[in-house]
Amino acid sequence: MGAVGRPDLRGRARESASHLFDSLHEKLLTLPDDIEVYPGHFSGSLCGAGLSGKPSSTLAFEKRWNPMLSLERDVFVDRLADVSPEPPDMQQILEFNRHLAGPA
């Protein structure tokens with residue numbers, strides 16, 4: 001799918017990117033290669049920047065083709081910390097996702 005996530009939602013992009021690196025390399029990428037993975041967003045959305053149009057993938061495919069997974073920690077953090085600003089309705093989105101608000 002080509003991306004690894006957007007770590008800036010709480011305003012601590014560098015710290016969150018570092019935690020994401022650890023999670024990917026110490027947990028997710030240690031699972032069997034035939035594990036299917038599904039995106040939380042799709043290509044074309046603000047949060048789906050860099051995603052391919054594939055609706056799912058496998059860990060083997062991502063290990064082979066996702067350039068973010070082969071980066072050293074410092075480069076990974078630098079690339080993820082340089083993201084676009086939050087959408088203007090970010091707080092509403094977060095509240096909705098926390099089930100504090102119903103559909104609009």
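This is a short walk through the structure above, from its overall layout to its aromatic rings. Keep in mind that the model is predicted.

Let's start with the big picture. The protein has 4 helices and 2 strands, and reading along the sequence gives the pattern α-β-β-α-α-α. Of its 104 residues, 27% are buried. Contacts also tell us how the chain folds back on itself: taking those between residues at least 6 apart in sequence, 66% join residues at least 24 apart.

Now look for helices H1 and H3. Two packed helices are described by the angle between their axes and the distance between the axes. Here the axes of H1 and H3 come within 9 Å and cross at roughly 130 degrees. An angle over 145 degrees would count as roughly antiparallel, and 65 to 115 as roughly perpendicular, so H1 and H3 are oblique to each other. Their crossing is right-handed. Which residues meet where these helices touch? On the H1 side they include Ala13, Ala17, Leu20, Phe21 and Leu24, and on the H3 side they include Arg73, Phe76, Val77 and Leu80.

Two names in that contact deserve a second look. The structure holds 2 aromatic pairs, and one of them is formed by phenylalanine 21 and phenylalanine 76. Their ring centres are 5.2 Å apart, with 70 degrees between the planes, an edge-to-face arrangement. This pair links distant parts of the chain, since phenylalanine 21 belongs to H1 (residues 13-26) and phenylalanine 76 to H3 (residues 73-81), 55 residues apart. Are these two rings buried or exposed? The cut-off for buried is under 20% relative accessible area. Phenylalanine 21 has 12% relative accessibility, so it counts as buried, and phenylalanine 76, at 0%, counts as buried too.

The other pair is made by phenylalanine 61 and tryptophan 65. Their rings are tilted, with 40 degrees between the planes and 6.4 Å from centre to centre. Both residues lie in helix H2 (residues 59-65), 4 residues apart, which is about one turn of the helix. How much of each is accessible? Phenylalanine 61 has a relative accessible area of 33%, so it is partly exposed, while tryptophan 65 reaches 53% and is exposed. Tryptophan 65 has another partner as well: arginine 64 lies over the face of its ring, at 4.1 Å from the ring centre.

To recap, one aromatic pair links H1 with H3, and the other sits within H2.

How values were computed:
Residues are numbered from 1 along each chain as its sequence is written. This is a predicted model: local features need pLDDT of at least 70, side-chain atom pairs count only at pLDDT 80 or more; totals for chains, interfaces and linings use all residues. Side-chain values use heavy atoms; hydrogens and water are left out. Rings of Phe, Tyr and Trp (its six-membered ring) pair if their centres lie within 6.5 Å; planes under 30 degrees apart count as stacked, over 60 as edge-to-face and the rest as tilted. Buried means under 20% relative accessible area, exposed over 50%, partly exposed in between (1.4 Å probe, protein chains only). A charge sits over a ring if NZ of Lys or CZ of Arg is within 6 Å of the ring centre and within 35 degrees of the ring normal. Axes are lines fitted to C-alpha atoms, for helices over the stretch in contact, and angles run from 0 to 180 degrees between N-to-C directions. Angles under 35 degrees count as roughly parallel, over 145 as roughly antiparallel, 65 to 115 as roughly perpendicular and the rest as oblique. A crossing is left-handed if the near helix is turned anticlockwise from the far one by less than a right angle, and right-handed if clockwise. Contact means heavy atoms within 4.5 Å.
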